[in-house]
Amino acid sequence: EEVLEPDLPIIDPHHHLIDRPESGTYLLPDLLADIASGHNVIATVYLEWLSMYRADGPAEMRPVGEIEFANGVAAMAASGTYGKTRVCAGIVGHADLNIGAPIARVLEAQIAHGGGRFRGIRFIASIDADQGQWGATAVRPQGWLLDKKVREGFAQLGPLGLSFDAWVYHPQLGDVIDLARAFPGTQIVLNHVGGPIGLGRYKGKREAVFADWSAKIK
């Protein structure tokens, strides 16, 4: 398509970099090729996707490897060698909130290895009885964001100035609302437009899904 506003500064707020057999490879050269279409993409934000975890050490600390990886890519981009776009200028990682308050040491390690770019974490809680019909296979507890231990971990984000990326399906948006009201001082970023579903038992119910989703978004 024709680039409508080639001078408009754009920050891509959500992308991944991966190199895994089951997911394929999408690294810095691939991203640079995609954003070289004529738009003025000045920076990007890296979102966790199980990339480059540490191979050993305590399980809860292994996601720190992803921060090290993304920060390394950011340093490459910041050199100017690869053009003007500051790739991974912001980094969102992962931390297992199930361990509660001790997650603070993981967050502090991510801050330390983030080169000033680490912004927060994503803790995916999406789950639905029909999710197999759209290819989702991860099994997670219902109401995960309401869990006492998870919230104990969540409470560590705000004091460190960190944000939370929420990825749920639209029937779970009430859990995100409850979480936001319980922690009004912590910034929450809602991924993927709040996860409206149009498959499984929701197929053919577009108007009902939109009404439910819209009310919770408001």
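Lys149 counts as partly exposed, at 39% relative accessibility, and in this predicted model Lys149 is the partner of Glu152 in a salt bridge. By the rule applied here, the count of salt bridges comes to 9, and the pairs described below include buried as well as exposed residues. A separate group of points deals with Gly120, a buried residue in strand 6.

**The pair within helix 4**

- Glu152 and Lys149 form a salt bridge in which the closest N and O atoms are 3.7 Å apart.
- Both residues belong to helix 4, which covers residues 148-154, and because they are 3 residues apart there, about one helical turn separates them.
- Glu152, like its partner, falls in the partly exposed class, with a relative accessible area of 29%.

**The network that shares partners**

- Asp128, Asp130 and Arg201 are joined into one network by salt bridges that have partners in common.

**The pair between strand 6 and a loop**

- Arg122 forms a salt bridge with Glu48, and the closest N and O atoms of this pair are 2.9 Å apart.
- Arg122 lies in strand 6, whereas Glu48 lies in the loop between strand 4 (40-47) and helix 2 (64-78), so the pair ties together parts that are 74 residues apart in sequence.
- Arg122 counts as buried, at 1% relative accessibility, and Glu48 is buried as well, with a relative accessible area of 3%.

**The pair of Glu22 and Arg20**

- Glu22 forms a salt bridge with Arg20, with 2.7 Å between the closest N and O atoms.
- Glu22 is exposed, its relative accessible area being 60%, whereas Arg20 has a relative accessible area of 16% and is buried, because a residue counts as buried under 20% and as exposed over 50%.
- As general background to such pairs, side chains of opposite charge can pair when their charged atoms come close.

**The surroundings of Gly120**

- Gly120 has its place in strand 6, which runs over residues 118-122, and its relative accessible area of 0% puts Gly120 in the buried class.
- When neighbours within four places in sequence are left aside, Gly120 is in contact with Ile91, Val92 and Gly93, and also with Leu162 and Ser163.
- Gly120 and Phe164 are 44 residues apart along the chain, and their C-alpha atoms are separated by 5.8 Å.

Notes: Residues are numbered from 1 along each chain as its sequence is written. This is a predicted model: local features need pLDDT of at least 70, side-chain atom pairs count only at pLDDT 80 or more; totals for chains, interfaces and linings use all residues. Side-chain values use heavy atoms; hydrogens and water are left out. Helices (H or I, at least four residues) and strands (E, at least two) are DSSP runs, numbered from the N terminus. Buried means under 20% relative accessible area, exposed over 50%, partly exposed in between (1.4 Å probe, protein chains only). Contact means heavy atoms within 4.5 Å. A salt bridge is a side-chain nitrogen of Lys or Arg within 4 Å of a carboxyl oxygen of Asp or Glu.
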